Amino acid sequence: MIRIKKFTALLLGAFLLLTGCKEQSLSDISIYENKADSILKLMTLDEKIGQVSLFTSDWSTTGPSMRKDYIDLIKQGKAGNIFNAYTVDYVRELQRFAVEETRLHIPLLFGYDVIHGHRTIFPIPLGQASSWDTAAIEKAERIAATEATAEGLNWTFAPMVDLARDPRWGRVMEGAGEDTWLAGLIAAARVRGFQGLDLSDKRSVLACVKHFAAYGAPQGGRDYHTVDMSERSLYEWYLPPYKAAVDAGVASVMTSFNEIAGVPSTSNKWLLTDLLRNDWKFKGFIVTDYSSINELINHGVARDLSEAASISINAGVDMDMQGSAFISQLSDLVKSGKVTEETLDNAVKRILIAKYKLGLFDDPYKNCDKKRETEEIMTPEFLAFAREFVAKSCVLLKNENKILPVPENIRSIAVIGPLADSKPDMLGFWSAAGQWEKCVSLLEGIRNRVGGSVNILTAKGCNVNDENTEGIDQAVSLARRSDYVILALGESSMMSGEASSRTDISLPGVQLRLAEAIIKTGKPVAVVLFNGRPLAIPELDKLAPAILETWFGGTQAGNGIADVLFGDVNPSGKLTMTFPRNAGQVPIFYNSKNTGRPINPQNPYEKYKSNYLDSPNTPLYPFGYGLSYTSFKYSGITLNKTEFQKDDQIIVSVEITNTGDRDGEEIVQLYVRDLVGDVTRPVKELKGFRKVMIEKGNTVNVAFTISPADLSYYHKDMSFTFDPGEFELFIGPNSSEGNSVSFLLL
Ligand code: BGC
């Protein structure tokens, strides 16, 4: 404490001397700029280069550890930021090196991949998106920020908002799915959740929107692969979620590994400076992805590390993650004039401003509070919310003969499958500081719910991903002895996430054989699916009477899923990414174009139409799809007018009746189609949704208001505007079903 006071006094003294002004309102950006300028004036070239460098800490089995050379760099003021270091004692120790042993006492940023929770792990982001509940998503990030800051962190490498239409790509688990508008809403909610109202709050972290840009569109779905797309697709589909994060005030942006049209993002001046800084007015700092400056050499746009460092900082990069490119090259580059000192100063200044905004200069140990570390981690309240969120994220894909929920008179249940009792798999990829030992497996969740009154038997049946069929017979005999079977199938959590692309996205290993054998027993079977991407499961869909998609639910997975299985929660999630019938249909997404030879729905295999010889065009489960234990009936659509002027409001409504026997939530979706455009338009575009609770037997009126401006798109000349003409408007339970109505824009 005494040390902090000494440090603060020292620094304050320096500011007052240099700026001659008193502390003013924190919200005033120019104050931070002045402060950053004051300190910048005192910095040597090496110290400046330290601020634009970010290095990783290791985490060994015995706890956190830091390479000695990095510690030396911190002490010399040459390492200004650290990632992968957390827990109060450890962060305090590293921060102490920076603020007490360096000449200028500049505090460190501590970054980490807090992607779907820190200690309390929530469902994977693709699962969270299936809730279509932006308030819940924001709350989850608030909790994540609370826990992360309680363990010393002040910066998260999230949200990841890369739009993805290819489920072969393993990182689809980390995003919000295929719709750009919904992804934008979710991106903004995540930024708000992480950053809170004020970055100086001790429970706020800097957010970092990533991976800028279009990392989610690699050729063939192969991670890190080339991205090539039209300017229109980039603007219309891929850029808006990043823009939404910028508009929500995101403090930092991470460049992506990929190239776009021949230019790797980390060296793309147009992307980082012209678009992000100049057009979008982004004021925060830009960090590279892990060693992506160095990778410019492999990309073939830089001869050596010196050139790589030079083109990346000149393109707009402010901070080098782990590549040591800046620390090893910038000094010479500045001395030789290839990088101006002003360019470096601007980068340093943006990073210093972030540190000021966080309040680190006032209290570098603001996130080093042992009390918070014990009291604000995995609290009963956080765990209760995590459990609710698991249930909200589940999507009921099939439910023939109301197999689900599990009937109350069941006396014995066989819980079978390679994922039935796997705690580690519940976490999902990017589970930060999540501890698998603290996860509730499906089996445990079921036991917690009905263990006292129902006899629960269990067998693995097979592994997730090998050819061994030895366990299938035992699982079948268990199923025969039970009244009901819950069959837990899918991918292991390491089969999705970074560097986890797959060419075959069907159920791995011999799981389908296990499912066939179990279902053949004639027992009621509900399949519980775990996976980080849409899977191609047409055979399972044919065989299994009930399928519940649960993604990877995190710490409370088993409890939250049990809440749905036993009917305590009526499922309401809807897919935000299309499930294909087979990998050959990929990329497949709801907002595709009509083409000049659209399929004939009466004869889907008609020759010389845009179709396949061996597969329908339709997906297995479309975007927006998900069932409930109750049923909803949609009325026809009412429009306030049929012809609109450009300043009119288009008010559209529908009545929805809960025709089933229990209360339920429905996600009502509004889509439009512009029938004739300046350029071709998608067959449907999501323009609104409402999540409404409807009691059984009740009817509610759901209304949407959109304006003609909401129908804007990029024209041939790339102007963003709307056209007069005829539009079709759809309201329904998913992107494939619903009623439609036409209107005219005059
Ligand atoms: C990933 C980023 C991540 C970074 C730091 C990279 O490999 O692409 O998403 O933030 O590592 O862990």
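In this predicted model, an oxygen atom of the ligand sits 2.7 Å from an N or O atom in the side chain of H211. Taken alone, the ligand would expose 310 Å², and the protein buries 93% of that area. Two other side chains make similar approaches to ligand oxygen: a polar side-chain atom of R171 is 2.7 Å from an oxygen atom of the ligand, and for a polar side-chain atom of K210 the distance to a ligand oxygen is 2.8 Å.

These three residues belong to a wider shell. The ligand has 13 residues around it, and those that come nearest are D113, R171, K210, H211 and D289. By residue class, the shell divides into seven nonpolar, five charged and one polar.

Next comes a single helix position, T146, which is found in helix 7, spanning residues 134-150. T146 counts as buried because its relative accessibility is 9%, and the cut-off for buried is under 20%. Leaving aside residues up to four places away in sequence, T146 touches R203, R372, E376 and F382.

Further along the chain is helix 23, residues 557-565, which is mostly covered, with nine of its nine residues buried. They are A557, G558, N559, G560, I561, A562, D563, V564 and L565. What do the buried residues of helix 23 pack against? Their partners include three helices, namely helix 17 (380-393), helix 18 (423-427) and helix 19 (442-450). Strand 16 (484-490), strand 17 (525-530) and strand 18 (546-549) also pack against these buried residues. Just after helix 23, G567 adopts a positive phi of about 80°.

Key. Residues are numbered from 1 along each chain as its sequence is written. This is a predicted model: local features need pLDDT of at least 70, side-chain atom pairs count only at pLDDT 80 or more; totals for chains, interfaces and linings use all residues. Side-chain values use heavy atoms; hydrogens and water are left out. A residue is near a molecule or strand if one of its heavy atoms lies within 4 Å of it. A polar contact is a pair of N or O atoms within 3.5 Å; within protein, one must be able to donate a hydrogen and the other to accept it, and residues adjacent in sequence count only if both atoms are side-chain atoms. Accessible areas come from the Shrake-Rupley method with a 1.4 Å probe; for residues, only the protein chains shown count as cover. Ala, Val, Leu, Ile, Met, Phe, Trp, Tyr, Cys and Pro count as nonpolar, Asp, Glu, Lys and Arg as charged, and the others, Gly among them, as polar. Helices (H or I, at least four residues) and strands (E, at least two) are DSSP runs, numbered from the N terminus. Buried means under 20% relative accessible area, exposed over 50%, partly exposed in between (1.4 Å probe, protein chains only). Contact means heavy atoms within 4.5 Å.
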